[in-house]
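Open the structure in your viewer and keep the selection tool at hand. We will go stop by stop.

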Amino acid sequence: MTGSMVSVVGAGHVGSAVANALVLLRACDRVVLFDRDSARAEGEAWDIADAIPLLSEMEILPTADYADLSGSEAVVVTVGATSGPGQSRLELLGSNAGITAAVIGELDRFCPDAVVILVSNPVDVLTRVAIETSTRPAHLLMGAGTVLDGARLRQRLGKLLGVEKEDVHVYVIGEHGDSSFPVWSSATVGAIRLENFRLPESTSLSQLEDELTATTRRRGLDILDRKGFTSYGVAGAVARIVRAVVRDEKRIFMVSVLAAEEYGIGDVVLGLPCVIGRAGVERRLLLTLSEDEERSLQRSAEVLDTAYRSLAAAGSSTE
Ligand SMILES: NC(=O)c1ccc[n+]([C@@H]2O[C@H](COP(=O)([O-])OP(=O)(O)OC[C@H]3O[C@@H](n4cnc5c(N)ncnc54)[C@H](O)[C@@H]3O)[C@@H](O)[C@H]2O)c1
């Protein structure tokens, strides 16, 4: 078989939406959709396949056999329980850590060279579990991080300022969760610092930053309250990461990675800017942060480190 192949593990709400986004984005030549429930994988794959004749020359194949993932350039992992209303992403940790480690074991066996992108929540802690348990080098493992949070923020900020979101540059970093935060100190609109950009009438910079920080953090829960899960937004974000890998785009995304030593926050995994290409995480970039932002990053790191350590203390299997 020739052409690029990407696999998605888990054909639930998120996994099937990711597979569909990969097809819509023509991110690769073939998508393999895995679920332990083969009927579910078939139902979702066949439904997505029905649109392919109208769109492109891609292929989508359902499977319940990890061996069919051999030859994948990238694998997206979406299996696991999802948070219900009022439940934080961190509460999912116990159940999803064991599942993640088991899936990573299968991927190490059948596609040891693939770039693996974790999506299951809490994504930062599960990416750390994956890095700790996998035999593949750390640059081939990343979590979806705060890519989605950043897209949400840029969309909203662009709208408020009356500027195309592509020209709004502001990173959201840290935990994909309650302690994430935008790096306002380096925000620019085009090449103009946000603090020098004309804001809407009667809006102060601090008001705007506070409101957008809160709405960005709340967005996932707002969707969860209304439809019970989230899928399309994260799927679009993940499909863009995958495309950057398959096409070796060298794009900068805030993915979950082991923090570089220079941040001084220890061996914690959280959303930070990285150059993404064929080799996965090709470079971890260093951000200059304000003192407040340094404290926020420290706080986010503490939340995630505590969660990771609670897992070890509870003796949850990560084998
Ligand atoms: N990172 C993000 O931005 C983001 C966004 C949305 C959802 N998520 C996470 O993605 C994950 C999946 O969400 P969903 O809505 O698709 O859930 P879902 O319940 O619709 O699908 C989960 C899939 O996992 C499979 N699964 C469950 N337990 C398994 C096990 N022990 N072994 C193998 N497969 C198993 C199921 O068969 C199912 O297909 C959740 O952890 C959710 O929190 C992450």
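Select E1, helix H1 and E2 together: they make a right-handed β-α-β unit. H1 spans residues 13–24. Keep in mind that this is a predicted model.

**Stop 1: the parallel strands**

Hide the helix and keep the two strands. E1 covers residues 5–9 and pairs with E2 in the parallel sense, over five bridges. Which residue of E2 stands opposite valine 8? Show side chains there: the partner is leucine 33.

Now add strand E3, residues 59–63. E2 and E3 run parallel, and five bridges join them. On this side, valine 32 of E2 stands opposite leucine 61 in E3. Strands of a sheet pair through backbone hydrogen bonds, either parallel or antiparallel.

**Stop 2: inside E2**

Select residues 30–34, which are E2. Are they buried or exposed? Five of the five residues are buried, under 20% relative accessible area. Turn the strand to check each face. Arg30, Val32 and Phe34 lie on one side, and Val31 and Leu33 on the other; both faces are covered.

**Stop 3: the ligand**

Centre the view on the ligand. Show the 21 residues around the ligand. Which of them come nearest? They are His13, Val14, Asp35, Ala81 and Val119.

Colour this shell by class. Eight residues are nonpolar, ten are polar and three are charged. Then bring back H1 and add helix H4, residues 93–110. Each of these helices supplies at least two residues of the shell.

Next, check three polar contacts with the distance tool:

- Valine 14: a polar backbone atom is 2.8 Å from an oxygen atom of the ligand.
- Valine 119: a backbone N or O atom lies 3.0 Å from a nitrogen atom of the ligand.
- Histidine 176: a polar side-chain atom lies 3.0 Å from an oxygen atom of the ligand.

Switch on the surface. On its own, the ligand has 870 Å² of accessible area, and the protein covers 86% of that.

**Stop 4: a three-strand sheet**

Leave the ligand and select E7, E10 and E11. These three strands form an open sheet in the order E7-E10-E11, with antiparallel pairing. E7 (168–169) and E11 (192–193) stand at the edges with a single partner strand each, so one side of each has no neighbour in the sheet.

Zoom in on E10, residues 188–189. E10 and E11 run antiparallel and are joined by two bridges. Which residue in E11 stands opposite valine 189? Select isoleucine 192 to see the pair.

Key. Residues numbered from 1 in each chain as written. Predicted model: local features only at pLDDT ≥ 70, side-chain atom pairs only at ≥ 80, totals over all residues. Heavy atoms only, no water. Buried < 20%, exposed > 50% of the residue type's maximum accessible area, 1.4 Å probe, protein only. Helix = DSSP H or I, 4+ residues; strand = E, 2+ residues; numbered from the N terminus. Pairing = 2+ DSSP bridges. Right-handed = clockwise from strand over helix to strand, strands pointing away. Near = heavy atom within 4 Å. Polar contact = N/O pair within 3.5 Å; in protein donor to acceptor, adjacent residues only side chain to side chain. Areas by Shrake-Rupley, 256 points an atom, 1.4 Å probe, with all protein chains shown as cover. Nonpolar A, V, L, I, M, F, W, Y, C, P; charged D, E, K, R; others polar.
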